[in-house]
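Work through the exercises below with the sequence and the 3D view side by side, and try each task yourself before you read its solution.

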Amino acid sequence: MIVRHSLRHEGVFVAAGSHSGFRMSHTGKPVVIPPELPGILKQFTKDAIRTQPEDLLEWATLYFSALVQGKTLPVNRTPDKVVTPNTMDLTPEVLTTMHEKLHKNGTVSKKEVSKLWRSLGLADDLLRHIMTVGCFGDQLDWIKFFALGCSYLGGTIKNAMTHALYILNSDSSCKPPDACVTFETFRFLYSYLAAVDREVSQAQIDRTITYLEAQAKARDGMVKVSDFVNSRKVRLG
């Protein structure tokens, strides 16, 4: 199947499904069609049909961002003939997209979260699970939902906090494999996840927070992944 997609540029229409290398613009200059463009659009269309996102534009933004960055594409991997919308798994890339859209107001509605969740093709049962674990009502603290999303990605509190720091990294000079957030942000996320986990003693929580607070004071109040991920001096959970 040839995917036809019209691109308007300086008054020129170009058919992406064409096999010609270029078209002449009204200025007489050739407009070159990248040879890989038809293949990219064809694959994009197949993936969109397979995934069936509720909000195509939202999903397309996530799709091409992942493509450019070489990350896992948000595509439903079921066979082509089986169309099962809202079965995508949560990934760090998807959670990052949700955070960028929902974190600004602090408190968001359950309806708003659900709408974005389904527009990204994510599984309904996972959303229900997170809502249940967080005991969220019609209004919820986004940062708590975000923390539980990180917990799902990580499986353990240490891994969850690692995901959180990578997504929230607030210092451009802090490069992978490291990432950092303010101590206050770390303390809130860690304390919340530890409370939800119910298997981490308060004494251990206090020791962890005290140790990392001292570390943070030495570097402008920031906590790094390297402060806890392989440290023998602190254990998150």
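**Exercise 1.** In which segment is the place of Arg235? Decide also whether Arg235 is buried or exposed, and find which residues it touches, not counting residues up to four places away in sequence.

Solution. Keep in mind from the start that this is a predicted model.
- Step one is to locate the residue along the chain: Arg235 has its place in the segment after β8.
- Step two is to look at its accessibility: exposed means over 50% relative accessible area, and because Arg235 has a relative accessibility of 53%, it counts as exposed.
- Step three is to list the contacts: leaving aside residues up to four places away in sequence, Arg235 touches Tyr190, Gln204 and Thr208.
- Step four is to set sequence beside space for one of these partners: Arg235 and Gln204 are 31 residues apart in sequence, while their C-alpha atoms are 7.8 Å apart.

**Exercise 2.** In which helix does Thr208 lie, and is Thr208 buried or exposed?

Solution.
- Begin with the helix, which for Thr208 is α9.
- Next take the cut-off for burial, which is under 20% relative accessible area; Thr208 has a relative accessible area of 2% and is therefore buried.
- Finally, collect its contacts, again not counting residues up to four places away in sequence: Thr208 touches Tyr190, Val234, Arg235 and Leu236. Arg235, from the first exercise, is thus a partner of Thr208, although Arg235 counts as exposed and Thr208 is buried.

**Exercise 3.** Describe helix α8: how many residues does it have, which of its residues are buried, and what covers them?

Solution.
- First, the extent: α8 runs over residues 183-197, which gives it 15 residues, and it reaches 21 Å from its first C-alpha to its last, close to the 21 Å expected at 1.5 Å a residue.
- Second, the buried residues of α8, which are Phe183, Phe186, Leu189, Tyr190, Tyr192, Leu193 and Ala194. To read such a list, it helps to know that an α-helix has 3.6 residues a turn, so residues three or four places apart point the same way.
- Third, the cover: among the elements that lie over these buried residues are α6 (142-154), α7 (157-168), β7 (180-182), α9 (202-217) and β8 (222-224).
- Fourth, what follows the helix: just after α8 comes Arg198, with a positive phi of about 65°. Arg198 is found in the loop between α8 and α9, and with a relative accessibility of 76% it counts as exposed.

**Exercise 4.** At what angle do α6 and α8 pack, and which residues meet where they do so?

Solution.
- Start from the geometry: α6 and α8 pack at an angle of about 65°, and their axes are 10 Å apart. The two helices are therefore roughly perpendicular to each other.
- Then add the handedness, which for the crossing of α6 and α8 is right-handed.
- Now name the residues: from α6 come Ile143, Lys144, Phe146, Ala147, Leu148 and Ser151, and they meet Phe188, Leu189, Tyr192, Leu193 and Val196 in α8. Sorted by type, the residues of this contact are nine nonpolar, one polar and one charged.

**Exercise 5.** At roughly what angle do the axes of α5 and α6 cross, and what is the place of Cys135?

Solution.
- Take the axes first: those of helix α5 (residues 124-133) and α6 come within 10 Å and cross at roughly 120°. That makes α5 oblique to α6.
- The handedness comes next, and α5 passes α6 in a right-handed crossing.
- The residues that meet are Leu126, Leu127, Ile130, Met131 and Val133 in α5, with Phe145, Leu148, Gly149 and Tyr152 in α6. This contact divides into eight nonpolar residues, one polar and no charged.
- The last step moves on to Cys135, whose place is in the loop between α5 and β6 (139-141). Its phi is near 50°, a positive value in a residue other than glycine, and Cys135 is exposed, with a relative accessible area of 69%.

Notes. Residues numbered from 1 in each chain as written. Predicted model: local features only at pLDDT ≥ 70, side-chain atom pairs only at ≥ 80, totals over all residues. Heavy atoms only, no water. Helix = DSSP H or I, 4+ residues; strand = E, 2+ residues; numbered from the N terminus. Expected span 1.5 Å × (residues − 1). Buried < 20%, exposed > 50% of the residue type's maximum accessible area, 1.4 Å probe, protein only. Contact = heavy atoms within 4.5 Å. Axes fitted to C-alpha atoms, helices over the stretch in contact; angles between N-to-C directions. Parallel < 35°, antiparallel > 145°, perpendicular 65-115°, else oblique. Left-handed = near helix turned anticlockwise from the far one by under 90°. Nonpolar A, V, L, I, M, F, W, Y, C, P; charged D, E, K, R; others polar.
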